[in-house]
Every structure is written in structure tokens, then in C-alpha cells.
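Reader: I should like to examine this structure and ask, term by term, what justifies each label. Please set each value against its definition.

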Amino acid sequence: FRRRRELGATELVVSYCTAPLAWLKGAVDDLTCLGASVSRVHVVCKCGRRPNASEVPSGATVRSARNVGRNDHTFADFIATRYDTLPASIFFLKDTSAGAASGPRSGKNTPLPIHLVGSELQASKDGFACGSEPPTNLVPRERAQSLWHAAHEADEFRLVDYHREHEQSRLAAQSAPFISPSRPLRRFVETTFSRAAASHLDSALHPLRLVCYGGTFATTATSV
């Protein structure tokens, strides 16, 4: 039996583009009910628009940033800027992180309700929790039922096509081609991380690997 971790001082980082943030105040309330002390909410506007003021929690920081790197850049910038002063728990979210709605799933990544993400973080051995369920349109289908993957298979992951249109890249088809020189994922880990860090992704030592979809997650300062 492992005691559930305390969320403690908690901050939310939201990468905002155009989706409504009507869910955000409720997310803060849900985390508070789990025992979190939500001290700050950071909304980073990436698409030249600001959210409806009535949807933003009181005291939240709303700022604009260059439209580069999508939510990944937003999260990495926060970690780099606050590395020495990170709170006990951090939830990295998108404006579309409203939580799973009722009804059939569309096959895309389905955001989990924030209280479930918080509960997963509390129960996590490693201080990490995914923010979305896996997509149901994966092939083969049985892999769409779990966030856990065989590590030796995940090591061989590589993106086939980098030209993907999305809300922040309307002209994706006209983009310059980009292929990482470090492929597949195993090679990227070997060339990017220190030996100590890479050991956490050693498939021989850790045959199962948690794989997050959708780009949102929660973590602890000690796990960053």
C-alpha cells in the first residue's frame, strides 16, 4: 500500500489559442477539493486573441507569447523560466482541456476531467500523469485501450509526416520539410539526454512505458 501524495502548492499553465475557457474555474475548484493549494494560474495566449475575462479565475496571469512551438513551447518555456521555483505540482493544459464529454468518442485524443488527472498524479509512483485518454483510431485497435506500451515497441516510434495542418498552422502544406536526424525515438533519447536520464527509458530495465497523447500532463517539481 502506497500513501497518496499530497498535491500541495499547485499551479496551472494553460496554452491558449481560441477555445473557450469556461471549464477553467471548475478545474481549479476540482483540484482544491483534492487538497491542492492552487496558488497561480497562467494563461499564455498564442494566437493573437485573449480569453473571455469572465472565464479566467481571479488573480490569473494572462499574457501573450509568440506563436511558435504550440503548447510544447509554452510548457518548456515555463519549466525553463521557473526551474528553481517550481511548485509542488504543475498541470500543463491546453484551452481544449475541458475534460471528457458524454457520448461517443471521436477517435481523437479525449481530454480527461481535471479531477481524474489530479487523482492520477496523487496515485503516481513517479509523480506524473497524462491529461488525455489515448485515441481510439490507432491501429491495431487493442493498443488504443491503454496508455501503457511495450517499451521496445515505443522505442521504434517515428513520425512519418511532419506536414500537419492545425489551428496554429493553416499553411502546413507549404511548410519546409523537416525530418529529425535522430530517429527513431530510441536514437533521439540516446543523443539528447544524459546517460542517467536515458536510463529511465531503458526498455530492458523498464519494459512498460507510460505514453501520453494530446500533449497535456501533470507532474511534480521533483519529477521535472
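Author: Two definitions come first. Contact means heavy atoms within 4.5 Å. Helices (H or I, at least four residues) and strands (E, at least two) are DSSP runs, numbered from the N terminus. This is a predicted model, in which local features need pLDDT of at least 70 and side-chain atom pairs count only at pLDDT 80 or more, while totals for chains, interfaces and linings use all residues. Residues are numbered from 1 along each chain as its sequence is written, and side-chain values use heavy atoms, with hydrogens and water left out.

Reader: How many helices and strands does the protein chain have under that rule?

Author: The protein chain has 6 helices and 10 strands.

Reader: What is the mean pLDDT of the protein chain?

Author: The pLDDT is the predictor's confidence in each residue, from 0 to 100. On that scale the protein chain has a mean of 85, and 82% of its residues reach 70 or more. Over residues 100-106, however, the pLDDT is below 50, and beyond near neighbours in sequence this stretch has 10 contacts in the model. Where pLDDT is low, the predicted coordinates should not be read in detail.

Reader: Which residues of H2 are buried?

Author: Buried means under 20% relative accessible area, exposed over 50%, and partly exposed in between (1.4 Å probe, protein chains only). In H2 the buried residues are Asn71, Thr74, Phe75, Phe78 and Arg82. They line one face of the helix, because seen down the axis of H2 they fall within an arc of 90°; the arc is that of the directions from the helix axis to the C-beta atoms. An α-helix has 3.6 residues a turn, so residues three or four places apart point the same way. The cover of the buried residues of H2 includes S1, S2, S4 and S10.

Reader: How far apart are the end C-alpha atoms of H2, and what should its 13 residues span?

Author: The expected span of a helix is 1.5 Å times one less than its number of residues. For H2 (residues 70-82) this gives 18 Å, and the end C-alpha atoms are 19 Å apart, which agrees. Arg70 lies in H2, and the phi of Arg70 is near 50°, a positive value in a residue other than glycine.

Reader: What makes the pair Cys17 and Cys47 a disulfide?

Author: A disulfide is a pair of cysteine sulfur atoms within 2.5 Å. The sulfur atoms of Cys17 and Cys47 are 2.0 Å apart, so the pair satisfies the rule. The pair links distant parts of the chain, 30 residues apart: Cys17 is in the loop between S1 (9-16) and H1, and Cys47 is in the loop between S2 (37-45) and S3 (61-64). Cys17, with a relative accessible area of 4%, is buried, whereas Cys47, at 23%, is partly exposed.

Reader: Which hand has the disulfide of Cys130 and Cys212, and why?

Author: The torsion about the S-S bond of Cys130 and Cys212 is about -85°, so this disulfide is left-handed. Its sulfur atoms are 2.0 Å apart. The pair links Cys130 in S6 with Cys212 in the loop between S9 (208-210) and S10, 82 residues apart. Cys130 has a relative accessible area of 4% and is therefore buried; Cys212, at 29%, is partly exposed. The count comes to 2 disulfides, and with the bonded cysteines numbered in sequence order the pairing is 1-2, 3-4.

Reader: How do you know whether Cys33 is buried or exposed?

Author: Cys33 has 70% relative accessibility and therefore counts as exposed. Cys45 is in no disulfide, the nearest cysteine sulfur, that of Cys47, being 9.0 Å away. Cys45 is buried, because its relative accessible area is 2%.

Reader: Why is Ala53 given its label, buried or exposed?

Author: Ala53 has a relative accessible area of 66%, so it is exposed. Ala53 lies in the loop between S2 and S3.

Reader: Which residues of H3 are buried, and what covers them?

Author: In H3 (residues 114-123) the buried residues are Ile114, Val117, Gly118, Ser119, Leu121 and Gln122. Their cover includes H1 (24-33), S4 (89-94), S6 (128-130) and S10 (217-220). In the protein chain as a whole, buried residues make up 37% of the 224 residues.
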